[in-house]
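Here are a few notes to help you find your way around this one. Keep the view open beside you as you read.

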Amino acid sequence: MLDASNAGIPIHHVSILSIAAAVTGACVGYYAGRWSLRSTAAADRAAQRIHSGQLNECKLEQTEGNTATSQKTDPYNPLPREGFLSWDDYFMAVAFLSAQRSKDPNKQVGACIVSQDKIILGIGYNGFPRGCPDSELPWAKLSRSGDPLDTKYPYVCHAELNAILNKNTASLHGAKMYVTMFPCNECSKLLIQAGIREIVYYEDKAAPVRDTSPNEAAPGNIRNEDAYAASKRLLKMTGVKLRQHKLDRPIVFSLGT
């Protein structure tokens, strides 16, 4: 059910933050590895490196309150546990986990759609369309010959699109999307049409730099910086709420060996 564009949820053997979630038919599996994501500046840089494929493993650290490492709890204590994940951290972590299914060596993007009742409605990551072998189409960002057909851009389905197609409900009207990178203009059109009313993103796309290679142009043959400028214009015009979220607390989880 959750496998549009090769965007199924079972996780391959990589180092990644792991969360097991089974919510209204959406199931996130577990990995065999370790990953640590922190909200500090250094950890943000590490997360960006993980997100861009430059770093596949962070050392597992013991943190206070971690289920696997904390001291034994008092069975007579009637109070709830402290240090649990906030909703924002939880859903953003699911988006990051989903991103690790992507085969893209340059950029792994994940998205998680959530209802107003905080129920996961769809998950996706960037990849080729369903049925297209990952080894038979190019993953390159640039073409030595200048032919855009030798790059990934004409073929890849973005994480936001896959999350919408993977939805487990009839309508996404009023829903919220958590995404690891700010959506491009094409994805923003889809989100607006799908009825998404809030986008919570991790990595922003700043003001235009205008140094993008023509071979690196976004869908529609426009430069990446223009695509994101158009995206923000569309979202603002339609009243979609935008909010950047950095993690509130360290998240460390380990399963397997």
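1. Let's begin with the outside. The protein has an accessible surface of about 13400 Å², and carbon and sulfur atoms account for 53% of that surface. Please bear in mind throughout that this is a predicted model.

2. Now for the inside. Of the 257 residues in the protein, 47% are buried. As for how the chain meets itself, take the contacts between residues at least 6 apart in sequence: 67% of these join residues at least 24 apart.

3. A quick map of the elements may help. There are 5 helices and 9 strands in the protein. Starting at the N terminus, the order reads β-β-β-α-α-β-β-α-β-α-β-α-β-β, so to speak a route you can follow with a finger.4. One helix pair is worth a visit. Helix α4 covers residues 185-194 and helix α5 covers residues 224-237; their axes come within 8 Å and cross at roughly 20°. Which term fits an angle like that, parallel or antiparallel? Angles under 35 degrees count as roughly parallel, and the crossing therefore makes α4 roughly parallel to α5. The crossing in which α4 passes α5 is right-handed.

5. You may like to look at the residues of that contact. On the α4 side they are N185, S188, K189 and I192, while α5 brings A227, A230, S231, L234 and L235. By type, the residues of this contact divide into 5 nonpolar, 3 polar and 1 charged.

6. Next, a stop in a loop. Y153 lies in the loop between β5 (120-125) and α3 (159-165). Is Y153 buried or partly exposed? Its relative accessibility is 21%, and buried means under 20%, so Y153 counts as partly exposed. Y153 and K141 are 12 residues apart in sequence, and their C-alpha atoms are 7.5 Å apart in space.

7. Last, a backbone detail. Most residues other than glycine have a negative phi. K118, a residue other than glycine, has a positive phi, near 65°. Where should you look for K118? K118 sits in the loop between β4 (110-114) and β5. With a relative accessibility of 39%, K118 counts as partly exposed.

Key: Residues numbered from 1 in each chain as written. Predicted model: local features only at pLDDT ≥ 70, side-chain atom pairs only at ≥ 80, totals over all residues. Heavy atoms only, no water. Helix = DSSP H or I, 4+ residues; strand = E, 2+ residues; numbered from the N terminus. Buried < 20%, exposed > 50% of the residue type's maximum accessible area, 1.4 Å probe, protein only. Contact = heavy atoms within 4.5 Å. Areas by Shrake-Rupley, 256 points an atom, 1.4 Å probe, with all protein chains shown as cover. Axes fitted to C-alpha atoms, helices over the stretch in contact; angles between N-to-C directions. Parallel < 35°, antiparallel > 145°, perpendicular 65-115°, else oblique. Left-handed = near helix turned anticlockwise from the far one by under 90°. Nonpolar A, V, L, I, M, F, W, Y, C, P; charged D, E, K, R; others polar.
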